Structures are given as C-alpha cells and as structure tokens.
Amino acid sequence: MKVSKYIHLAVALLFIYFSFVQLNDLDAWKWILIYSSIALLAFLRFADIKTRLFARLLFIALAIYALMNFDLLASWIEAGRPAFLDYAETDIQIAENMREFLGLCVSLLTALAYALGSSKK
C-alpha cells in the first residue's frame with residue numbers, strides 16, 4: 001500500500017476532528033458541513049474512488065464562500081490585526097472571525113490540492 005493512501009486517511013481523520021471540535025459553536029452546522037466535505041473527499045481518495053468532479057465542485061463552492069467572507073479578513077486588518085489565539089476581551093468577535101476565515105482557507109487549500117491532484121482520478 002502506498003504512503004500517499006495513508007496521507008489521505010490522515011487528512012480525513014484530521015478534518016473529522018475539526019468537525020468534532022465545532023460542536024460547541026453557534027454556527028456548528030456550517031463548519032461541520034465544510035470540514036466533513038473535505039474529510040469525505042480525502043476518504044474517497046483513500047478508498048481509490050474517483051473524486052475529480054467532487055473535488056473541483058467543492059473547491060469552487062469554498063472559493064465562492066471565501067470571497068463572500070473576505071470582509072472577515074478586512075475587519076481583522078482594520079482592527080489592527082489583533083492576536084487570534086491570545087486576545088483581549090474586546091477582540092473576541094474579531095478573533096473568532098479570523099479563526100473562521102483561516103479554517104475556511106485551510107479547507108479551500110486542501111480542496112484545491114485534491115482538485116489539482118485528481119486529474120486522473
């Protein structure tokens with residue numbers, strides 16, 4: 001068995017974990033859907049199931065969603081780029097928005113990697 005298969009499995013498990021830690025969030029359904037979609041994509045690749053169309057459609061959907069939420073990045077920059085891990089009480093919403101935008105970017109880049117890497121599958 002190729003090492004790359006295990007990388008797909010690791011990516012799937014990582015994004016399942018990302019989904020799990022969103023359960024306490026107010027908008028958990030949105031993040032569980034995003035992270036679970038990436039986990040499904042990785043698991044399908046692990047199982048040698050063709051994913052080209054799914055990967056490309058997921059990438060397009062996430063790219064559109066990222067563009068629609070680009071204001072989260074802009075508001076973080078306008079606020080003076082406060083830390084999003086160790087932050088003051090007044091920066092809670094800005095920090096949360098930035099973490100969400102970063103999670104979206106990680107998902108987008110992962111979907112892009114699968115979309116580009118699935119030219120044969």
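A pocket is taken here as an open set of grid points with protein on both sides within 12 Å along at least five of seven lines, and its lining residues have an atom within 4 Å of a point. In this predicted model, the largest pocket has a volume of about 170 Å³. Its lining consists of Val21, Gln22, Asn24, Asp25, Leu26, Trp31, Tyr35, Glu96, Arg99 and Glu100. Two elements, helix 2 (28-46) and helix 5 (92-117), each give two or more residues to this lining. Helix 5 gives the most, with three residues. By residue class, the lining of the largest pocket comprises four nonpolar, two polar and four charged residues.

Helix 2 packs against helix 1, helix 5 and helix 3, and these contacts are described in turn. The axes of helix 1 (residues 3-20) and helix 2 come within 8 Å and cross at roughly 165 degrees. Because angles over 145 degrees count as roughly antiparallel, helix 1 is roughly antiparallel to helix 2. The crossing of these two helices is left-handed. On the helix 1 side, the contact involves Lys5, His8, Leu9, Val11, Ala12, Phe15, Ile16, Phe18 and Ser19, which meet Ile32, Tyr35, Ser36, Ile38, Ala39, Ala42, Phe43, Arg45 and Phe46 of helix 2. The residues of this contact divide into 13 nonpolar, three polar and two charged.

Between helix 2 and helix 5, the axes come within 11 Å and cross at roughly 25 degrees. The two helices are therefore roughly parallel, and helix 2 passes helix 5 in a left-handed crossing. Helix 2 contributes Lys30, Trp31, Ile34, Tyr35, Ile38, Leu41, Ala42 and Arg45 to the contact, and helix 5 contributes Glu100, Gly103, Leu104, Ser107, Thr110, Ala111, Tyr114 and Gly117. Nine nonpolar, four polar and three charged residues make up the contact of helix 2 with helix 5. Trp31, Tyr35 and Glu100, which take part in this contact, are also among the residues that line the largest pocket.

The axes of helix 2 and helix 3 (residues 52-68) likewise come within 11 Å, with a crossing angle of roughly 155 degrees. This angle makes helix 2 roughly antiparallel to helix 3. The crossing of helix 2 and helix 3 is left-handed. Lys30, Ile34, Ser37, Ile38, Leu40, Leu41 and Leu44 of helix 2 are in contact with Phe54, Ala55, Leu58, Leu62 and Tyr65 of helix 3. The contact of helix 2 with helix 3 holds 10 nonpolar residues, one polar and one charged. Ile38 of helix 2 is listed in the contacts with helix 1, helix 5 and helix 3.

Note on methods: Residues numbered from 1 in each chain as written. Predicted model: local features only at pLDDT ≥ 70, side-chain atom pairs only at ≥ 80, totals over all residues. Heavy atoms only, no water. 1 Å grid on protein atoms, 1.4 Å probe; cavity = no way out; pocket = protein on both sides within 12 Å on 5 of 7 lines; lining within 4 Å. Points joined across faces, edges and corners; volume = space filled by probe spheres on them. Helix = DSSP H or I, 4+ residues; strand = E, 2+ residues; numbered from the N terminus. Nonpolar A, V, L, I, M, F, W, Y, C, P; charged D, E, K, R; others polar. Axes fitted to C-alpha atoms, helices over the stretch in contact; angles between N-to-C directions. Parallel < 35°, antiparallel > 145°, perpendicular 65-115°, else oblique. Left-handed = near helix turned anticlockwise from the far one by under 90°. Contact = heavy atoms within 4.5 Å.
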